[in-house]
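Take a first walk through this structure. The sequence and the model come first, and the tour follows.

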Amino acid sequence: MTARDEVAAGWSRGGDDEEERGMGQQHGGAEEAGTHGHAHGHGGDPGEVRHDREFWEDRYRSAPRVWSGRPNPQLVDEVGDLAPGRALDVACGEGGDALWLAGRGWAVTAVDLAQTALDRVAAAAAEAGPEVAGRVRTERADIATWDAGDGAYDLVTTHFLHLPPAVRAVAFDRMARAVAPGGTLLVVAHHASDLRTTIGRPDLPELFFDPEDVVAALDPADWEVPVAEARPRTATDPDGREVTIRDTVVRAVRRG
């Protein structure tokens, strides 16, 4: 699969993204084995963006492991002090976030488009031991069509889920509805300002969004928004240079 093929497939789901080395051609995870995961690289026709299972199954089958297995740092920062409950990890990848949550006592439903990814979540959970494995349930689903249920989770989290705008709106609405009263919605994504850096984001600006885009979809009568920012962090570009990039980070709490 070429870099252009991956750009054409779009950023249809997330995964972990702690480090940016090697992302000049592909998108997504922290320390993949020799590369990183979803559709980074420049060029590509925005009209070719896809959100389909076949691409992601092939992507995961292309390597024994795609992501680092570590939790995303924004998840750790924003959720670490919450009391555990029921969590939904959307676009869970190979489960770094889901296993971290389960290890802290959360009962986690890990959802992804690719069964290959979910099989790796289950294997990693089993390796972590029965206590963690007993708290992780996997489900293959497309968040654009899957209904997670109203108010079913105390935490709904997604990292680096970059979808075409119309699909993104539907997906985020479903995720917001799945948050229980008093529960938390956490959305983390690459910020559009990264396009002005050398980190290697694709030239598909419609796949990026600002914190304000997430907040605008939440009824202020129903939600408090303690965090909505373009949060800077340091990363290494494909040429080994340190650069400042930004993550869209929104943490919202449904009013009880």
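The chain has 256 residues, and 55% of them count as buried. The model is a predicted one. Its secondary structure comes to eight helices and seven strands. How do the contacts spread along the sequence? Among contacts between residues at least 6 apart in sequence, 70% join residues at least 24 apart. Several such links can be followed one by one.

Start with Glu78. This residue lies in helix α3, which spans residues 73-79. Is Glu78 buried or exposed? Its relative accessible area is 12%, under the 20% limit, so Glu78 is buried. Leaving aside residues up to four places away in sequence, Glu78 touches Leu186, Val227, Arg231, Val249 and Arg251.

One of these contacts, Arg231, deserves a closer look. The side chains of Glu78 and Arg231 form a salt bridge, with N and O 2.6 Å apart. Why does this pair tie together separate parts of the sequence? Glu78 sits in helix α3, whereas Arg231 sits in strand β6, residues 223-236, so the bridge joins parts that are 153 residues apart in sequence. Both partners are buried. The pair also belongs to something wider: a network of salt bridges links Glu78, Glu229, Arg231 and Arg251. Arg251 is also among the residues that Glu78 touches.

How many salt bridges does the structure hold? The count is 17. Another of them pairs Arg86 with Asp154. Their closest N and O atoms are 3.1 Å apart. Arg86 lies in strand β1, residues 86-90, and Asp154 in strand β4, residues 153-159, so this pair ties together parts that are 68 residues apart in sequence. Here the surroundings are not those of a buried pair. Arg86 has a relative accessible area of 38%, so this residue is partly exposed. Asp154 reaches 25%, so Asp154 counts as partly exposed too.

A further salt bridge joins Asp194 and Arg201. Their closest N and O atoms are 3.0 Å apart. Asp194 is buried, and Arg201 is buried as well.

Now turn from charges to rings. How many aromatic pairs are there? The count comes to one. The pair is made by Phe172 and Phe209. Their ring centres are 5.4 Å apart, and the planes make an angle of 75 degrees. That angle is over 60 degrees, so the pair is edge-to-face. Phe172 lies in helix α7, residues 165-177. Phe209 lies in the loop between β5 (179-190) and α8 (211-216). The pair therefore ties together parts that are 37 residues apart in sequence. Both Phe172 and Phe209 are buried.

Next come two helices that pack against each other. Helix α2 covers residues 53-61, and helix α5 covers residues 115-128. Their axes are 7 Å apart and cross at about 45 degrees. The angle falls between the roughly parallel range, under 35 degrees, and the roughly perpendicular range, 65 to 115, so the two helices are oblique to each other. Which residues meet here? From α2 come Arg53, Glu57, Tyr60 and Arg61. From α5 come Gln115, Thr116, Ala117 and Arg120. By class, this contact has two nonpolar, two polar and four charged residues.

Stay with helix α5 for a moment. Ala126 also lies in this helix. With a relative accessible area of 53%, Ala126 is above the 50% limit and so counts as exposed. Ala126 and Val136 are 10 residues apart in sequence, and their C-alpha atoms are 9.5 Å apart in space.

The last stop is the backbone. Most residues other than glycine have a negative phi. Two residues go against that habit here. Ala91 is not a glycine, yet its phi is positive, about 60 degrees. Where is Ala91 found? Its place is the loop between β1 and α4 (96-103). Ala91 has 8% relative accessibility, so this residue counts as buried. Phe160 is not a glycine either, and its phi is also positive, about 60 degrees. Phe160 is found in the loop between β4 and α7. With a relative accessible area of 2%, Phe160 is buried.

Technical notes:
Residues numbered from 1 in each chain as written. Predicted model: local features only at pLDDT ≥ 70, side-chain atom pairs only at ≥ 80, totals over all residues. Heavy atoms only, no water. Helix = DSSP H or I, 4+ residues; strand = E, 2+ residues; numbered from the N terminus. Buried < 20%, exposed > 50% of the residue type's maximum accessible area, 1.4 Å probe, protein only. Contact = heavy atoms within 4.5 Å. Salt bridge = Lys/Arg side-chain N within 4 Å of Asp/Glu carboxyl O. Phe/Tyr/Trp six-rings, centres within 6.5 Å; stacked < 30°, edge-to-face > 60°. Axes fitted to C-alpha atoms, helices over the stretch in contact; angles between N-to-C directions. Parallel < 35°, antiparallel > 145°, perpendicular 65-115°, else oblique. Nonpolar A, V, L, I, M, F, W, Y, C, P; charged D, E, K, R; others polar.
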